[in-house]
Amino acid sequence: MKENQKITFTQTLSVIPLTELDAIRSELIAGAKKASGKAYAPYSNFRVGAAVILEDGQIFTANNQENICFPVGVCAERILLGYTHANQPDLRPAILAIVAQKSDNSGFATVSPCGLCRQSISEYEMKFKHPIEILMYRPDGTVLQANGIDALLPFKFEDLNQ
Ligand code: THU
């Protein structure tokens, strides 16, 4: 049988020791950590905090907000990006940091944004025509760094007329 043409996506993430983060990225991780402590997650107890720095240096934080009707709950990243963009629609989000605390209360979790949040991050990249760096905290003392949403969302939905 004839081999079909293949399209291959190769994505790369950097593993950065926490001790090697620069001041801004450390501050974002600290802000996301603090925000995770204020998450409203009575159903999953998986408490997520997110922090974003805008192009002008302003930092905002948020966390997940759950609901007794589970699908109504919203992830930290979308609460944060929506709120930030609602208030600063002309300022590009530059770096987004995410930290989560495990549901069994045993410490910090390995976190990676869900599919809906990836699509939401993609929207703001499209609006500002610029990638958003994503930092994902890991409990082993490192942070996973994606240079933009393409690393987490290859072959993304981005055109209504193609
Ligand atoms: N959650 C986030 O807030 N961000 C993520 O990146 C992963 C998942 C939330 C949604 C829900 O409140 C809880 O974590 C468990 O899925």
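1. In this predicted model, the ligand is surrounded by Ser44, Phe46, Val48, Asn64, Glu66, Cys75, Ala76, Glu77, Val111, Ser112, Pro113 and Cys114. Sorted by class, this shell comprises seven nonpolar, three polar and two charged residues, and the charged pair is Glu66 and Glu77.

2. Three of the surrounding side chains deserve attention for their polar atoms. In the side chain of Asn64, an N or O atom is 3.0 Å from an oxygen atom of the ligand. For Glu66, a polar side-chain atom lies 2.5 Å from an oxygen atom of the ligand, and for Glu77 the corresponding distance, again from a polar side-chain atom to a ligand oxygen, is 2.5 Å. As to how much of the ligand is covered, its exposed area when taken alone is 370 Å², of which the protein buries 77%.

3. As for where the ligand is placed, it sits in the largest pocket, with residues such as Phe46, Val48 and Pro113 among those around it.

4. On annotation, the UniProt record, an unreviewed entry, places the feature "domain: CMP/dCMP-type deaminase" at residues 23–160. Over that stretch the chain is 29% helix and 25% strand, and the C-alpha atoms at its two ends are 40 Å apart. The residues listed around the ligand, from Ser44 through to Cys114, carry numbers that fall inside the annotated range of 23–160.

Key. Residues numbered from 1 in each chain as written. Predicted model: local features only at pLDDT ≥ 70, side-chain atom pairs only at ≥ 80, totals over all residues. Heavy atoms only, no water. Near = heavy atom within 4 Å. Polar contact = N/O pair within 3.5 Å; in protein donor to acceptor, adjacent residues only side chain to side chain. Areas by Shrake-Rupley, 256 points an atom, 1.4 Å probe, with all protein chains shown as cover. 1 Å grid on protein atoms, 1.4 Å probe; cavity = no way out; pocket = protein on both sides within 12 Å on 5 of 7 lines; lining within 4 Å. Sits in = over half its atoms within 2 Å of the grid points. UniProt positions renumbered as here; feature names shortened; annotations may be inferred. Helix = DSSP H or I, 4+ residues; strand = E, 2+ residues; numbered from the N terminus.
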